[in-house]
Amino acid sequence: MTYANLMRLANGYAESKTLLIAAELGLFTALGNKARPVPELARACRTTREGMRLLLNALVGLKLLSLRNGLYQNQPLARTFLDERSPEAVTNLLWLLTHHWSDWTEMSRVIRRGRPGWGTITATATFRRRFALAMHERGRALAQKTVASIPLPRGSIRLLDLAGGPGSYSIALARRYPKLTGLLVDQSVSVARSLIKQHRLQKRLALLVGDVFTTKLGGDYDAALVANLIHDFDERDNRRLLRRVHQTLKPGGKLFIVEFFLEDSLTKPVDAAVFSLLMYKFTPGGRSYGWREVEAWLKDLGFGRFRRRRVRGSIGTLEAIRL
């Protein structure tokens with residue numbers, strides 16, 4: 001860490017917020033695949049001309065837009081990922097990151113006073129739908145690599161996807177394993193229902209609205225998937241959750257946990273350590289956990305034969321077998 005790197009770290013929020021503001025205003029979608037002048041974009045996004053010009057120039061500097069003869073245009077990366085009409089858009093994910101901006105803004109107060117717990121907005125249907133869409137956009141880039149890290153037992157026909165959100169991983173697994181059927185359980189399944197229908201998997205993937213701690217899950221599953229969930233809860237709740245999963249699996253059935261896993265020091269990878277701090281603000285008891293921590297819980301619960309696989313960066317899959 002040099003002084004120059006320190007200053008880039010301290011000022012990194014400015015470039016991040018420039019991107020998030022442009023996405024919030026719908027600027028990249030307003031541009032689409034055409035070159036447009038400042039007045040037209042200011043009208044479309046309901047901004048002042050001066051403010052729009054300054055924002056556009058900053059985005060040109062960030063290489064998200066180009067400028068020629070007074071006309072601004074999306075660069076290819078922006079057209080692909082930042083125009084909400086693109087099938088590869090991540091606009092809902094950027095919406096979630098904008099929501100988390102307020103979490104970071106309040107962080108010093110929270111560290112002094114303690115966790116505030118779940119925000120009331122997170123229980124609304126609108127938030128849950130957009131959150132699921134954000135998770136789908138995030139998972140879309142990771143789905144193939146994640147599924148490659150989930151080798152189901154030979155002959156698997158029944159999968160439990162706990163808190164499966166948009167169903168991205170269930171869909172990818174169903175496409176990889178033609179005989180697989182599955183049950184996805186979550187508090188909101190509207191996005192998953194739409195995506196499953198798009199992939200014509202309604203006869204193989206069932207949906208159940210429920211609470212992962214209390215809803216009856218059935219049993220005799222060949223495999224269970226717990227993706228991006230344990231960071232929401234403290235150790236006690238996670239043990240309770242994973243005990244329920246153990247009870248649903250056949251002997252020899254596999255559990256796959258996809259998470260931001262930390263090394264033993266709980267300080268690396270850095271993005272998982274930083275994400276852990278965000279969970280301190282965003283959840284009542286969650287944080288990032290280390291591989292060794294989770295393996296210790298699973299061993300106590302009757303799992304064994306652990307296998308770790310890295311998907312990308314700090315994201316990994318922990319495989320365990322019900323003994």
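Here are some numbered notes on this predicted model, going from the whole chain down to single side chains.

1. Let's begin with the overall picture. The secondary structure of the chain comes to 13 helices and 10 strands. With a radius of gyration of 22 Å, close to the 20 Å from the globule rule for 323 residues, the chain is as compact as a globular protein of that length. Its C-alpha trace spans about 70 × 50 × 35 Å along the principal axes.

2. Next, burial and contacts. Of the 323 residues in the chain, 47% are buried. Among contacts with a separation of 6 or more, 67% are between residues 24 or more positions apart.

3. A good place to look at the strands is the pair S4 (residues 181-186) and S5 (residues 205-209). These two run parallel and are joined by five bridges. To find the register, start from Gly182, whose bridge partner in S5 is Leu205. Together with helix H10 (residues 190-198), S4 and S5 make a right-handed β-α-β unit.

4. Helix H12 deserves a careful look. Its 13 residues reach 18 Å from the first C-alpha to the last, close to the 18 Å expected at 1.5 Å a residue. The buried residues in H12 are Ala272, Phe275, Ser276, Leu278, Met279, Lys281 and Phe282. The cover over these buried residues includes H6, helix H7 (107-113), helix H8 (125-148) and S7. As a reminder when viewing the helix, residues three or four places apart point the same way because an α-helix has 3.6 residues a turn.

5. On to charged pairs: the structure holds 15 salt bridges. One of them is between the side chains of Asp103 and Lys281, at 2.9 Å from N to O. This pair links distant parts of the chain, with Asp103 in helix H6 (residues 91-105) and Lys281 in helix H12 (residues 270-282), 178 residues apart. Both Asp103 and Lys281 are buried.

6. A second pair to check is Asp222 with Lys250, whose side chains meet in a salt bridge of 2.9 Å, N to O. Asp222 lies in strand S6 (residues 221-227) and Lys250 in strand S7 (residues 249-262), so this salt bridge ties together parts that are 28 residues apart in sequence. Asp222 is buried, since its relative accessible area is 10%, while Lys250 counts as partly exposed at 27% relative accessibility.

7. A third pair sits within one helix. The side chains of Arg240 and Asp237 form a salt bridge at 3.2 Å, N to O. Both residues belong to helix H11 (residues 235-248), three residues apart, which is about one turn of the helix. Arg240 is partly exposed, at 39% relative accessibility, and Asp237 is also partly exposed, with a relative accessible area of 22%. Elsewhere, Asp103, Glu106, Arg109 and Lys281 are joined into one network by salt bridges that share partners.

8. Last, a residue at the surface: Glu50 is found in helix H4 (residues 49-61). Its relative accessibility is 62%, so Glu50 counts as exposed. Glu50 and Ser16 are 34 residues apart along the chain, and their C-alpha atoms are separated by 21 Å.

Note on methods:
Residues numbered from 1 in each chain as written. Predicted model: local features only at pLDDT ≥ 70, side-chain atom pairs only at ≥ 80, totals over all residues. Heavy atoms only, no water. Pairing = 2+ DSSP bridges. Helix = DSSP H or I, 4+ residues; strand = E, 2+ residues; numbered from the N terminus. Right-handed = clockwise from strand over helix to strand, strands pointing away. Buried < 20%, exposed > 50% of the residue type's maximum accessible area, 1.4 Å probe, protein only. Salt bridge = Lys/Arg side-chain N within 4 Å of Asp/Glu carboxyl O. Expected span 1.5 Å × (residues − 1). Contact = heavy atoms within 4.5 Å. Rg over C-alpha atoms; globule rule 2.2 N^0.38 Å.
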